[in-house]
Amino acid sequence: MATFEPVLTRNFKTPDSHLLKTYESMDPDKVVQVVKDSELRGRGGAGFPTGLKWSFLPKDRTETFMCVNGDESEPATFNNRQLIELDPHQFIEGMLISCFATKAAICYVYLRFEYIHAFRIMEAAIAEAREAGHLGKDIYGSGFDLEIYCHRGAGAYICGEETGLIESLEGKRGWPRIKPPFPAIEGAFRKPTVVNNVETLACVPHIIERGADWFKSMGTPKSYGPKLYCVSGHVNKQVCVELPLGVTTRELVEEHAGGVWKGRKLKMTVPGGISMGVMSADEQDVKLDFEDIKKTGCLGLGTAAVTVMDDQTSVIDYLYNTSRFFAHESCGQCTPCREGTTWMYKTFKRIKAGGGRPEDLDVLAQMAETMGLTPGTTICGLADGAAWPIKNAIAKFRPEMEEYIRAHQALRPIVSTLQKAIAAGLSADPSNAPLQILPSPQAALRSPHGF
Ligand SMILES: Cc1cc2nc3c(=O)[nH]c(=O)nc-3n(C[C@H](O)[C@H](O)[C@H](O)COP(=O)(O)O)c2cc1C
Ligand code: SF4
């Protein structure tokens, strides 16, 4: 394996990293072939081969749209943000080449609502690229036209799902579509559309410049190229670091994130955004690539954003937070997801309050098996993402969870007695008498009745 040289982040510390490079056109089909040969896999979560996805576009199409997924709502994930804010022209170059290859004349960058800074940087960079002749009509006299538009979401996780994104882009509620048809056949405005992640497209200029073999010289079999890994949670230093695909969480935590904080031990990690599941302490040497990670029972690599939890973290607290997130973010179209995620959240809330029952874990595990694309009961993968952390945690931490239920059940009568005593004490204290609502001086001035 050749020595690794970071490319995606090479301009991050360079002042004026937004300077434009010239790009020499190739035949579109040749570009698709080079990307296919590189075996670049999508960085947005599913790891689908990018060149293959592009080749699904109908040959006789008259119009194509490119939608770039910068929704980045997966908790703990912030690599797209870095790529946009710190090197927008690398990203624009990636879009330019990818649109050229797929014959897309319109490219939408769908940005997470909260990324206002990234949005402003993108708008300025697009204007600069247009000014320099890299966008617009007949670019470099090639006959190829391209316009890039930034579209801000409204803060919904589900709009990261590619068809939810397309619906939202069209001005509708971000409800994922039933597939097929897939976006390559019927996407934005019912036209052939490619949806790719920001990081996926940021890899493309380097593949074209250095070749497919260079790209495949990094990583592990079936998972090639560089990857931005985010590390956060209970570490000394939260980082976003570029490494070849296939590093381990142990390496990320110990060599790049300064180790587990407060001198504590690592208990578990979430490998790629919370929807991928959870890895126990003895699984930290498994490679974080598209294939090996599955050995841990996790759903996949996801966004490769690692959340670290120390040995003082409760598995129930982790699942309570996870299930609350998915119950809130479910779009509600599919009954197993809408009802399942809410039911799971309520169960963890009850367990935390000391009302857990021994049979809860079996019912939770059974429910987790029945919701999602994997068992074929939902329209999109949000439900799989909601189920996986629960499935994994029950399989890996069941004794701890059972002990939590037992211990909190035993505490329940004491807690309830204390709560009653506090409530009685509060009502006996005259300083806790109900507040009297008095008109404010401003209100008195405004109202003719003094109120
Ligand atoms: C609930 C849900 C949320 C998703 N959120 C994102 C996201 O924020 N960003 C992203 O690139 N892909 C996200 N995806 C994956 C996209 O549907 C799609 O596979 C991806 O954008 C394709 O790009 P890629 O092939 O370059 O990875 C999400 C999928 C699901 C099911
Ligand atoms: S699985 Fe959940 S989020 Fe996805 S479409 Fe169905 S209800 Fe909506």
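Student: Which residues are closest to ligand 2?
Tutor: Keep in mind that this is a predicted model. Ligand 2 has 14 residues around it. By class, that shell has 9 nonpolar, 4 polar and 1 charged residues. The closest are C331, C334, C337, T378 and C380.

Student: Which helices each supply at least two residues of that shell around ligand 2?
Tutor: Look for helices that give at least two residues each to the shell. One of them spans 335–355 and the other 382–428. Those are α11 and α13.

Student: And ligand 1, which strand gives the most to its shell?
Tutor: Ligand 1 is surrounded by 22 residues, and G42, G44, G160, N197 and T200 come nearest. The shell splits into 6 nonpolar, 10 polar and 6 charged residues. The top strand contributor covers residues 193–197 and gives 3 residues, and that's β4.

Student: Between which domains does ligand 1 lie?
Tutor: Start with how the chain is divided: domain 1 (20–217), domain 2 (220–313), domain 3 (316–409) and domain 4 (412–444). Two of these give residues to the shell around ligand 1, so the ligand lies between them: domain 1 and domain 3.

Student: Back to β4, is the strand enclosed or open?
Tutor: Take the two sides of β4 in turn: T193, V195 and N197 point one way, V194 and N196 the other, and all are buried. That fits the usual picture, as side chains in a regular strand alternate between the two faces of the sheet. With 5 of its 5 residues buried, β4 is largely enclosed by the rest of the structure.

Student: What is the bridge partner of N69 in β4?
Tutor: Strand β1 (residues 65–70) runs parallel to β4, and 5 bridges join the two. Across from N69, the partner in β4 is N197.

Student: How many residues of domain 3 are in contact with domain 2?
Tutor: The centres of these two domains, taken over C-alpha atoms, are 22 Å apart. On the domain 2 side, the touching residues are 6 nonpolar, 5 polar and no charged. Domain 2 puts 11 residues into the contact, and the count from domain 3 is 12.

Student: Is L169 buried or exposed?
Tutor: L169 sits in helix α6 (residues 162–169). Leaving out residues up to four places away in sequence, it touches C67, Y108, Y110, H151 and A188. The cut-off for buried is 20 or more other C-beta atoms within 10 Å. L169 has 21 C-beta neighbours inside 10 Å, so it counts as buried.

Student: What about R406, buried or exposed?
Tutor: R406 lies in helix α13. R357 is 49 residues away from R406 in sequence, yet their C-alpha atoms are 8.2 Å apart in space. For exposed, the limit is 12 or fewer C-beta neighbours within 10 Å. R406 has 12 inside that distance, so it counts as exposed.

Student: Zooming out, what percentage of the residues in the chain is buried?
Tutor: The chain has 14 helices and 11 strands, and its C-alpha atoms fill a box of roughly 85 × 70 × 45 Å along the principal axes. Among contacts between residues at least 6 apart in sequence, 69% join residues at least 24 apart. Of the 451 residues, the buried share is 47%.

Terms used: Residues are numbered from 1 along each chain as its sequence is written. Chains are lettered from A and ligands numbered from 1 in the order in which they are written. This is a predicted model: local features need pLDDT of at least 70, side-chain atom pairs count only at pLDDT 80 or more; totals for chains, interfaces and linings use all residues. A residue is near a molecule or strand if its C-beta atom, placed from the backbone, lies within 6 Å of it. Helices (H or I, at least four residues) and strands (E, at least two) are DSSP runs, numbered from the N terminus. Ala, Val, Leu, Ile, Met, Phe, Trp, Tyr, Cys and Pro count as nonpolar, Asp, Glu, Lys and Arg as charged, and the others, Gly among them, as polar. Domain bounds come from an automatic or database domain assignment. Two residues are in contact if their C-beta atoms, placed from the backbone, lie within 7 Å. Two strands pair if DSSP finds at least two bridges between them.
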